[in-house]
Amino acid sequence: MTYAFHLHQHQLRKGSSVPYISHLMSVAALVLEDGGNEDAAIAALLHDAIEDQGGNATRNEIRKQFGDAVLRIVDACTESDETPKPSWKERKLRAIAQLQQAEPAIQRVILADKLHNLRCIWTDWQRQGDRVWQRFNASPADILWFYRACLDAVGDRFSSPMLIELRTLLTNLENSLDNLRGCLKSIACNVKHSEIPPSPP
């Protein structure tokens with residue numbers, strides 16, 4: 001906990017003033033509530049450490065302080081520690097493949113991360129509406145595609161109440177996006193009709 005706080009002490013959640021450590025603590029709590037052990041909880045606290053805070057030097061420190069079992073989970077949660085980073089789509093395809101091949105202990109940490117992220121997006125969407133998508137580099141359709149692909153990658157190989165909540169939140173957000181598309185289509189149609197000159201008398 002102290003090491004995770006040290007690494008992420010200056011980091012905030014995307015598009016907010018919420019300290020990043022709140023996300024890490026929430027993911028660790030979800031892992032423990034779902035039956036994860038101590039190594040999985042530590043890995044949950046450190047799941048973004050290599051990617052966001054130091055790359056290989058942080059990887060070596062995690063191995064030194066917490067051992068190979070924790071590092072193996074953190075590595076599986078790391079989409080990329082390359083500089084420059086691969087494209088968003090390439091990193092997400094790689095993450096989906098990692099999740100597909102991961103053992104249940106690793107899937108638990110990854111799904112806890114995805115669940116807390118979706119909880120935050122859904123809560124913020126209820127407060128801010130579609131402005132919530134402006135904080136992301138990818139489009140809302142791409143973001144929701146990624147979460148749906150993660151669920152498909154796990155399939156029925158992992159059983160957890162987290163999957164039920166993930167599916168519910170994802171469906172809610174997909175429906176909100178469908179409503180947005182419908183509104184935009186209607187606006188575009190109205191604008192198009194307003195540009196048609198009136199018929200001569």
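This short talk walks through a predicted model of a single chain, from its overall make-up to a few helices and aromatic rings.

Hi everyone, and thanks for coming. Let me start with the overall picture. The chain has ten helices and zero strands, so if you read the elements from the N terminus on, you get α-α-α-α-α-α-α-α-α-α. Of its 201 residues, 43% are buried. And if you take the contacts with a separation of 6 or more, 67% of them are between residues 24 or more positions apart.

What about the inside? The largest nonpolar core has 57 residues, and L46, I62 and L118 are those with the most contacts inside it. As general background, nonpolar side chains tend to be buried together in soluble globular proteins. Please keep I62 and L118 in mind, since both of them come back.

Let's zoom in on helix α5, which covers residues 55-66. This helix has twelve residues and reaches 16 Å from its first C-alpha to its last, close to the 16 Å expected at 1.5 Å a residue. Which residues of α5 are buried? They are G55, T58, R59 and I62. Looking down the axis of α5, you would see these buried residues fall within an arc of 105°, so they line one face of the helix. The general reason is friendly to remember: an α-helix has 3.6 residues a turn, so residues three or four places apart point the same way.

What do the buried residues of α5 pack against? Their partners are α1 (2-8), α4 (49-52) and α6 (68-77). On the face turned away from that buried side, α5 carries the exposed residues A57 and K64. Just after the helix comes G67, with a positive phi of about 95°.

Now to the aromatic rings. How many aromatic pairs does a search of the whole structure find? The search finds six. One of them joins Y3 and F66 in a tilted pair, 6.1 Å centre to centre with 40° between the planes. Since Y3 lies in helix α1 and F66 in helix α5, the pair ties together parts that are 63 residues apart in sequence. Y3 is buried, with a relative accessible area of 14%, whereas F66 is partly exposed at 27%.

Another pair is W88 with F146: the ring centres are 6.5 Å apart and the planes are at 70°, so this one is edge-to-face. Here W88 lies in helix α7 (residues 88-101) and F146 in helix α9 (residues 140-154), so the pair ties together parts that are 58 residues apart in sequence. W88 is partly exposed, with a relative accessible area of 22%, while F146 is buried at 4%. Together with W145 and Y147, these two residues form one aromatic cluster.

Two lysines join the scene here. The charged end of K89 sits over the ring of W145, 4.9 Å from its centre, and the charged end of K92 sits over the ring of F146, 4.7 Å from its centre. Is K92, a residue of helix α7, buried or exposed? K92 is buried, because its relative accessible area is 11%, and buried means under 20%. Beyond its neighbours within four places in sequence, K92 is in contact with E79, W145 and F146.

Finally, back to L118. Not counting residues up to four places away in sequence, L118 touches Y147, L166, L169, L170 and L173. Y147 is a member of the aromatic cluster we just met. Thanks for listening!

How values were computed: Residues are numbered from 1 along each chain as its sequence is written. This is a predicted model: local features need pLDDT of at least 70, side-chain atom pairs count only at pLDDT 80 or more; totals for chains, interfaces and linings use all residues. Side-chain values use heavy atoms; hydrogens and water are left out. Helices (H or I, at least four residues) and strands (E, at least two) are DSSP runs, numbered from the N terminus. The expected span of a helix is 1.5 Å times one less than its number of residues. Buried means under 20% relative accessible area, exposed over 50%, partly exposed in between (1.4 Å probe, protein chains only). The arc is that of the directions from the helix axis to the C-beta atoms. Contact means heavy atoms within 4.5 Å. Rings of Phe, Tyr and Trp (its six-membered ring) pair if their centres lie within 6.5 Å; planes under 30 degrees apart count as stacked, over 60 as edge-to-face and the rest as tilted. A charge sits over a ring if NZ of Lys or CZ of Arg is within 6 Å of the ring centre and within 35 degrees of the ring normal. A nonpolar core is a set of buried Ala, Val, Leu, Ile, Met, Phe, Trp, Tyr and Cys residues joined through side-chain atoms within 4.5 Å.
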